[in-house]
Amino acid sequence: MKLSEFQRAVVDEFGSGYGQALLTDLVLAELGGRTAQEALNAGIPPREVWLALCRETGVPQSHWYGAGKPAPKR
C-alpha cells in the first residue's frame with residue numbers, strides 16, 4: 001500500500017475530518033503507543049498502519065484489503 005492509497009482509504013472509510021482526527025489523536029497500542037501519523041513518520045509501512053487503525057476502530061474485515069485502490073476503469 002502506497003501512502004497515497006493509505007490516505008485515500010482513510011478518507012473513504014472515515015471521511016476527511018474524522019479521518020484526520022483519527023490519524024493525529026488515536027493512540028494505537030499495537031504500533032508502540034503511537035498515533036497513525038507518528039507511526040507513518042517513524043517509517044512503519046502504510047499497510048501496517050492501516051490494518052492497526054482498522055482493528056482499533058472496528059472496521060469490518062471486508063474493508064481492509066484493496067482499500068485505497070482506485071476503482072477499475074471500465
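Contact here means that heavy atoms lie within 4.5 Å. The structure is a predicted model, in which local features need pLDDT of at least 70 and side-chain atom pairs count only at pLDDT 80 or more, while totals for chains, interfaces and linings use all residues. Residues are numbered from 1 along each chain as its sequence is written, and side-chain values use heavy atoms, with hydrogens and water left out.

**Exercise 1. The chain as a whole**

Task: describe the order of the elements in the protein chain and set its radius of gyration against that of a compact globule.

Solution. Begin with the elements, where helices (H or I, at least four residues) and strands (E, at least two) are DSSP runs numbered from the N terminus. The protein chain has four helices and two strands, and from the N terminus on they follow the order α-α-β-β-α-α.

Next take the radius of gyration, which is computed over C-alpha atoms, the globule rule being 2.2 Å times the number of residues to the power 0.38. For 74 residues a compact globule would come out near 11 Å, and the protein chain has 12 Å, which agrees. The C-alpha trace spans about 40 × 20 × 20 Å along its principal axes.

Finally, look at the contacts: among those between residues at least 6 apart in sequence, 49% join residues at least 24 apart.

**Exercise 2. The core and helix α4**

Task: find which helices supply the largest nonpolar core, and work out whether the span of α4 agrees with its number of residues.

Solution. The first step is to fix what buried means, namely under 20% relative accessible area, with exposed over 50% and partly exposed in between (1.4 Å probe, protein chains only). By this criterion, buried residues make up 35% of the 74 residues in the protein chain.

A nonpolar core is then a set of buried Ala, Val, Leu, Ile, Met, Phe, Trp, Tyr and Cys residues joined through side-chain atoms within 4.5 Å. The largest such core has 21 residues, and those with the most contacts inside it include Phe-6, Val-10, Leu-31 and Trp-50. At least two residues of this core come from each of α1, α2 (16–25), α3 (36–41) and α4 (46–57), and the largest share, six residues, comes from α4. In soluble globular proteins, nonpolar side chains tend to be buried together.

The last step concerns α4 itself, for which the expected span is 1.5 Å times one less than its number of residues. Its twelve residues should therefore span 16 Å, and the end C-alpha atoms are 16 Å apart, which agrees. The buried residues of α4 are Pro-46, Val-49, Trp-50, Leu-51, Ala-52, Leu-53 and Cys-54, and what covers them includes α1, α2, β1 and α3. Just after α4, Gly-58 takes a positive phi of about 75°, and Gly-58 is exposed, with a relative accessible area of 57%.

**Exercise 3. The salt bridge**

Task: identify the residues that form the salt bridge and place them along the chain.

Solution. A salt bridge requires a side-chain nitrogen of Lys or Arg within 4 Å of a carboxyl oxygen of Asp or Glu. The structure holds one, in which Arg-55 pairs with Glu-30, the closest N and O atoms being 2.5 Å apart. Arg-55 is in helix α4 and Glu-30 in the loop between β1 (27–28) and β2 (34–35), so that the pair links distant parts of the chain, 25 residues apart. Arg-55 is partly exposed at 41% relative accessible area, and Glu-30 is likewise partly exposed, at 49%.

**Exercise 4. Aromatic pairs**

Task: classify the pair of Phe-6 and Trp-50 and the pair of Trp-64 and Tyr-65.

Solution. Rings of Phe, Tyr and Trp (its six-membered ring) pair if their centres lie within 6.5 Å, and planes under 30 degrees apart count as stacked, over 60 as edge-to-face and the rest as tilted. The structure holds four aromatic pairs. For Phe-6 and Trp-50 the centres are 6.4 Å apart and the planes at 85°, so this pair is edge-to-face. The pair links helix α1, which holds Phe-6, to helix α4, which holds Trp-50, across 44 residues, and both residues are buried.

For Trp-64 and Tyr-65 the centres are 6.3 Å apart and the planes at 55°, so this pair is tilted. Trp-64 is buried, with a relative accessible area of 8%, whereas Tyr-65 is exposed, at 56%.

To complete the solution, Phe-6, Phe-14, Tyr-18 and Trp-50 form one aromatic cluster. Leaving aside neighbours within four places in sequence, Phe-14 is in contact with residues including Leu-22, Trp-50 and Val-59.
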